[in-house]
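User: Please take a close look at a single helix in this model and at what packs around it. I would like the contacts and the ring pairs in one connected account.

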Amino acid sequence: MGVTGNTKTNIKEKSKNKPREPKRYNVVLYNDDFTTMEFVVSILIDIFHLDPVTAENVMMTVHKTGKGVIGSYTYDMAVTKVDMAMSRAQKEGFPFRMSVEEA
């Protein structure tokens, strides 16, 4: 009489789905003639966590060239930071403009 049983085979599958880094999005700041330089620097320090010297340099670049990239973030982080900055600008009455663009 033969013995029948379950034969288990250990098969390891290699996953071809390697974790990918999330896409990055640039936050772009635009110059206008009404938003004060002090306000822009405060946004860059408080919301985007730039040091004061870097914040001043970014603000001057935007002032001279019309626009500049503040930083590169995941989509959710970029949108959240822009929303925070725009809300603060609206409360202060500034026509502050920013956008989120795929890097």
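Analyst: Helix axes here are lines fitted to C-alpha atoms over the stretch in contact, and angles run from 0 to 180 degrees between N-to-C directions. The model is predicted, so local features need pLDDT of at least 70 and side-chain atom pairs pLDDT 80 or more, while totals for chains, interfaces and linings use all residues. Residues are numbered from 1 along each chain as its sequence is written, and side-chain values use heavy atoms, without hydrogens or water.

The helix chosen is H1, residues 37-46. The chain around it holds three helices and three strands (DSSP runs numbered from the N terminus; helices are H or I of at least four residues, strands E of at least two). Read from the N terminus, the order of elements is β-α-α-β-α-β.

H1 packs with helix H3 (residues 75-92) at an angle of about 150 degrees, and the two axes are 11 Å apart. H1 and H3 are therefore roughly antiparallel (over 145 degrees; under 35 is roughly parallel, 65 to 115 roughly perpendicular, the rest oblique). Their crossing is right-handed (the near helix is turned clockwise from the far one by less than a right angle; anticlockwise would be left-handed). On the H1 side, the contact (heavy atoms within 4.5 Å) is made by Phe39, Ser42, Ile43 and Asp46. H3 contributes Ala85, Arg88, Ala89 and Glu92. These residues divide into four nonpolar, one polar and three charged (nonpolar: Ala, Val, Leu, Ile, Met, Phe, Trp, Tyr, Cys, Pro; charged: Asp, Glu, Lys, Arg; polar: the others, Gly among them).

Which residues of H1 are buried? They are Phe39, Val40, Val41, Ile43 and Leu44 (buried is under 20% relative accessible area, exposed over 50%, partly exposed in between, with a 1.4 Å probe and protein chains only). These buried residues pack against strand E1 (25-30), helix H2 (52-65), E2 and H3. In the chain as a whole, buried residues make up 31% of the 103 residues.

Phe39 also takes part in ring pairs. The whole structure has four aromatic pairs (rings of Phe, Tyr and Trp, for Trp the six-membered ring, with centres within 6.5 Å; planes under 30 degrees apart are stacked, over 60 edge-to-face, the rest tilted). In one of them, the ring centres of Phe39 and Phe94 are 4.8 Å apart and the planes stand at 40 degrees, so this pair is tilted. Phe39 is in H1 and Phe94 in the loop between H3 and strand E3 (97-102), 55 residues apart. Phe39 has 7% relative accessibility and therefore counts as buried, whereas Phe94, at 21%, counts as partly exposed. A further pair joins Phe39 to Phe96: the centres are 5.6 Å apart and the planes at 90 degrees, so this pair is edge-to-face. Phe96 lies in the loop between H3 and E3, so its pair with Phe39 ties together parts 57 residues apart in sequence. Phe96 is buried, with a relative accessible area of 4%. Phe39, Phe94 and Phe96 form one aromatic cluster.

Links across the sequence also show in the contact totals. Of the contacts in the chain with a separation of 6 or more, 74% are between residues 24 or more positions apart.
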